[in-house]
Amino acid sequence: MSAARVPLLASARAELLRLRRWPALWVMLGVGMLLDLLFGYVFNYLGYRSGSGSEVNERTPPDQILHGLLPGGVPETTLAGMPLFGGAILLLLGALTIGGGYGWGTWKTVLTQGPGRASAYGGTLAALATVVVTLVTAVFLVNFGAALLVSVLESQAPHWPPAADVARAYGAALLIYAMWTAAGVLAGTLARGPALAVGLGLVWALAVENLLRGVANVLGAVAPVADVLPGTAAGSLAGGLGATAFADDGTPGVLTTLDAGPAALLLAVYTAVFALAAGALILRRDV
Amino acid sequence: MTETVVSTTGLTKRYGPRVAVDDVSLAVRRGEVYGFLGPNGAGKTTTLRMLLGLVRPTGGSARVLGRRAGDPAAVARTGALIENPGFYPYLSGRDNLRVMARYHGLADDAAERALDRVGLTARAGNAFRSYSLGTKQRLGVAAALLGDPELLVLDEPTNGLDPGGVADMRRLLADLAADGQTVLLSSHLLGEVQETCDRVGVISQGRLIAESRIADLRGAASLHVRATPVDAALAVAGRVAGESAVTPDADGGMRIDADPGLAPELARALVEAGVRLHELRARERTLEEVFFELTRAAGRAGPPGADPASPRSARDGAGLVTR
């Protein structure tokens with residue numbers, strides 16, 4: 001059966017076409033990639049070469065810095081940048097993709113073409129999922145390339161990480177980005193527009209969650225909530241798979257609050273709940 | 001028996017205490033061009049949105065192409081332009097139509113045919129954000145034509161079009177009508193509706209206050225006479241056409257509700273009676289006049305003191321533009 005005859009696939013093809021031609025998408029992906037390279041490799045390598053430590057903490061031993069820059073450290077280094085900075089960009093992507101449809105009035109035009117609300121929304125999710133998979137794959141490839149370059153520059157034998165570690169990190173990266181993208185989708189749907197969704201989403205991801213975790217340190221009653229926040233789950237998954245936690249002089253956003261297993265489960269639940277809640281609103285609300 | 005393509009029964013939409021559409025029952029038959037008229041805020045767009053499944057009714061029901069309104073299978077066979085056309089500003093007109101064609105399950109060449117049909121091929125490569133309001137409107141109509149729909153729902157398709165664009169739209173509608181296309185057309189251009197539509201529904205304050213063939217709404221033509229002395233002229237006209245058919249006008253003339261074919265006999269009788277005949281002409285009520293009579297009777301014809309027969313007051317009052 002051709003894609004054109006299956007509304008969900010037809011909608012995904014349509015959404016991929018418009019996302020592919022959307023300059024904002026390439027800007028977001030480019031910024032994400034640039035941040036990953038700068039904070040994951042460039043600054044750390046410069047710090048290592050100058051002997052002044054990592055970009056976040058000058059007390060990090062040089063050997064530890066170099067390990068993170070070589071191919072064997074790619075899973076941890078890649079995951080470290082995802083819970084906070086990478087996640088914020090994916091939240092932007094989700095919020096702008098869905099919210100823009102309300103701002104431009106394109107939901108109305110799309111729905112009058114007859115794909116049905118469920119298919120149109122499902123197609124949008126499928127297109128976003130394609131973007132997330134492509135981005136995560138690209139980030140891993142670029143990071144392996146950067147790590148290989150460092151190993152050549154430092155005349156180190158390129159010790160590749162075990163395939164299972166790479167697969168786990170790849171899956172975790174997909175889960176972290178899927179959760180933040182779904183959060184953006186829900187924010188865009190609730191706000192019925194991009195501006196408010198982006199603003200509130202970023203305030204939540206970058207400020208409110210950190211504040212709540214800070215409050216939980218002095219107010220025990222808040223801890224049960226702070227321990228299961230979306231950002232906590234994302235940071236814990238990265239921390240649970242080897243990324244150095246911020247508290248241990250690692251990257252902001254990386255935590256050790258939860259073990260990797262529960263964190264992954266929580267992320268999956270958040271992703272599903274966010275996507276389903278947004279879908280329920282899109283199915284029921286007037287356009 | 002002509003198939004009914006759109007039918008509503010007691011269709012109602014409430015927003016809290018406000019009733020936007022109140023118990024509307026209308027029918028659009030296959031192959032007709034149906035004009036949906038009403039002042040701004042009367043409930044036209046909300047009704048059309050309910051027919052397309054964009055808005056959920058709070059009461060009543062609607063069926064489109066034999067299915068529940070909003071059923072994707074019915075919407076896919078319907079082309080629609082509702083209010084302002086909504087497209088991706090960063091995409092070209094062509095790419096916007098390709099995206100919509102894909103949502104429709106069509107190949108990309110469907111976009112080219114639609115662009116050609118509305119005369120937009122030359123500008124199809126420009127970004128949507130660079131289009132004038134009229135060009136955006138044309139693209140909206142092109143999107144509505146994707147997939148050769150059985151039913152077209154056009155909500156103010158001439159909004160923002162210059163006179164040339166309006167003429168193009170009139171030709172397009174005429175072509176569609178000639179092809180037997182069923183069109184549900186909401187428009188402020190009563191002249192356009194009068195020329196293009198077979199039947200109209202008039203909505204005011206959310207209620208459908210009339211639904212009829214345009215010819216039936218306008219009624220039979222009458223004769224308008226101005227002659228002096230007035231008393232003598234009234235007597236002659238009463239003798240020729242029957243006294244009950246003669247109604248004096250405020251401007252010293254008279255309206256005679258009679259077949260315009262009576263004009264030669266009436267003119268001869270007036271001249272033979274020594275009456276000076278200044279004007280004798282057949283006159284049909286325009287759709288605009290009928291519209292204002294209906295909406296005024298429904299309690300909404302424009303601001304108090306406005307003369308509903310004046311195009312200017314019509315434009316200012318009920319948001320209507322006459323041609």
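A pocket, in the sense used here, is an open set of grid points with protein on both sides within 12 Å along at least five of seven lines. In this predicted model, the largest such pocket has a volume of about 690 Å³. Its lining comprises 41 residues, and those nearest the centre of the pocket are Phe39(A), Asn44(A), Thr77(A), Ala80(A) and Thr251(A). Two or more lining residues are contributed by each of the chain A helices α2 (23–50), α3 (62–69), α4 (74–80), α5 and α7 (117–153), with the greatest contribution, 10 residues, coming from α2(A). When the lining of the largest pocket is sorted by class, 19 residues are nonpolar and 18 are polar, while 4 are charged.

The chain that supplies these helices is itself helical in its assigned elements: chain A contains 12 helices and 0 strands, so that, by the assignment of helices and strands as DSSP runs, its order from the N terminus is an uninterrupted series of α elements. The radius of gyration of chain A is 20 Å, which agrees with the value near 19 Å that a compact globule of 287 residues would have. Along the principal axes, the C-alpha atoms of chain A occupy a box of roughly 60 × 50 × 30 Å. Of the 287 residues in chain A, 51% are buried. Contacts in chain A between residues at least 6 apart in sequence join, in 76% of cases, residues at least 24 apart. The area exposed by chain A amounts to about 12,100 Å², of which 70% is supplied by carbon and sulfur atoms.

Enclosed space was examined separately from the open pocket. The count comes to 5 cavities of 30 Å³ or more, and the largest of them has a volume of about 90 Å³. This largest cavity is lined by 14 residues, among which Thr109(A), Thr112(A), Ala80(B), Leu81(B) and Ile82(B) are the closest to its centre. Elements of both chains take part in the lining, since at least two residues each are supplied by α6 (106–111) of chain A and by β7 (78–81) and α5 (133–145) of chain B, where helices and strands are DSSP runs. The largest share, 3 residues, comes from α5(B). By class, 7 residues of the lining of the largest cavity are nonpolar, 6 are polar and 1 is charged.

The second largest cavity holds about 60 Å³ of space. From chain A its lining includes Glu15(A), Arg18(A), Thr97(A), Gly101(A), Thr106(A), Trp107(A), Val110(A) and Thr124(A), and from chain B it includes Tyr88(B) and Tyr103(B). At least two lining residues are provided by each of α1 (7–20), α5 (82–104) and α6 of chain A, and α6(A) gives the most, with 3 residues. The lining of the second largest cavity divides by class into 4 nonpolar, 4 polar and 2 charged residues.

In chain B, helix α1 (residues 44–51) is mostly covered, with 8 of its 8 residues buried. The buried residues of α1(B) include the nonpolar side chains of Leu48(B), Met50(B) and Leu51(B), but also the charged residues Lys44(B) and Arg49(B), together with a run of threonines at Thr45(B), Thr46(B) and Thr47(B). Just after α1(B), Gly53(B) adopts a positive phi of about 80°.

Conventions: Residues are numbered from 1 along each chain as its sequence is written. Chains are lettered from A and ligands numbered from 1 in the order in which they are written. Side-chain values use heavy atoms; hydrogens and water are left out. On a 1 Å grid over the protein atoms alone, a cavity is a set of points where a 1.4 Å probe fits but cannot get out, and a pocket is an open set with protein on both sides within 12 Å along at least five of seven lines; lining residues have an atom within 4 Å of a point. Grid points are joined across faces, edges and corners, and a volume is the space filled by probe spheres set on the points. Helices (H or I, at least four residues) and strands (E, at least two) are DSSP runs, numbered from the N terminus. The radius of gyration is taken over C-alpha atoms; the globule rule is 2.2 Å times the number of residues to the power 0.38. Buried means under 20% relative accessible area, exposed over 50%, partly exposed in between (1.4 Å probe, protein chains only). Contact means heavy atoms within 4.5 Å. Accessible areas come from the Shrake-Rupley method with a 1.4 Å probe; for residues, only the protein chains shown count as cover.
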